[in-house]
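Please open the structure in your viewer and keep the selection tool at hand. The tour proceeds from one selection to the next.

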Amino acid sequence: MINIIKQFTKSKTGIESANEDGLFISEKYIAVIDGATSKVNKLHNGLTGGQVVRNIIISYLQESSGLKPFKETVLDIQHCIENSFPASRYFPASASAVIYNIQRKELWMVGDCQALVNHQLFCNKKKVDTILSEARALAINALLSQGISETELMIEDKARELILPF
């Protein structure tokens, strides 16, 4: 039996309508989806790329039988995403996800994510993400030492802008 103790998402900006994260819970799947912040400031029907991808993943999981293996499921979702965006206008749009397939009793991880199951930590990190995360933390500390406030950084993430070329 699966016992969900707590569920919560919060927009990094504090504006919930901008939240790109999502949860999906059904008899077939439990999923935590982290819609990636787009590198371009374009909206698709009023939604960011991360929100659209999150919604596509949730829609797919709602309709899925839950019987397909990991690779086939991910390829299906990728196909749905690619068909939803005119490549020249909205890519890159993406998301990371942790999906537990209840029927197959498998934990699937796509992208830079982690999961804690029965006190066991599962990580799916890439070295480049660790390096960029550390660089961003250094940039945040440098900006704070220059007198920029945390509130200002939450409104305009200058540290992210500094590492964006990488």
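Select residues 29-35, strand E2, together with residues 95-101, strand E3: in this predicted model, the two strands pair in the antiparallel sense over seven bridges. Within this pair, select Ile30, which stands opposite Tyr100 in E3.

Next, extend the selection to the whole sheet. The sheet is open and has four strands in the order E1-E2-E3-E4, with antiparallel pairing. Strand E1 (21-25) and strand E4 (106-110) stand at the edges; each has a single partner strand, so one side of each is left without a neighbour in the sheet. On average, neighbouring strands of this sheet are turned by 5° against each other, direction ignored.

Now turn to the side chains. How many salt bridges does a search of the whole structure find? The search finds four.

Select Arg104 and Glu106, whose side chains meet in a salt bridge at 3.3 Å, N to O. Arg104 is partly exposed, with a relative accessible area of 33%, and Glu106 is partly exposed at 27%.

Then select Arg136 and Asp157, where the N to O distance of the salt bridge is 2.1 Å. Arg136 lies in helix H4 (residues 127-145), and Asp157 lies in the loop between helix H5 (150-155) and helix H6 (158-163), so the pair ties together parts that are 21 residues apart in sequence.

Finally, select Lys68, Glu72 and Asp76, which are joined into one network by salt bridges that share partners. Within this network, the side chains of Glu72 and Lys68 meet at 3.9 Å, N to O. Glu72 is partly exposed at 37% relative accessible area, and Lys68 is partly exposed at 30%.

Conventions
Residues are numbered from 1 along each chain as its sequence is written. This is a predicted model: local features need pLDDT of at least 70, side-chain atom pairs count only at pLDDT 80 or more; totals for chains, interfaces and linings use all residues. Side-chain values use heavy atoms; hydrogens and water are left out. Two strands pair if DSSP finds at least two bridges between them. Axes are lines fitted to C-alpha atoms, for helices over the stretch in contact, and angles run from 0 to 180 degrees between N-to-C directions. Buried means under 20% relative accessible area, exposed over 50%, partly exposed in between (1.4 Å probe, protein chains only).
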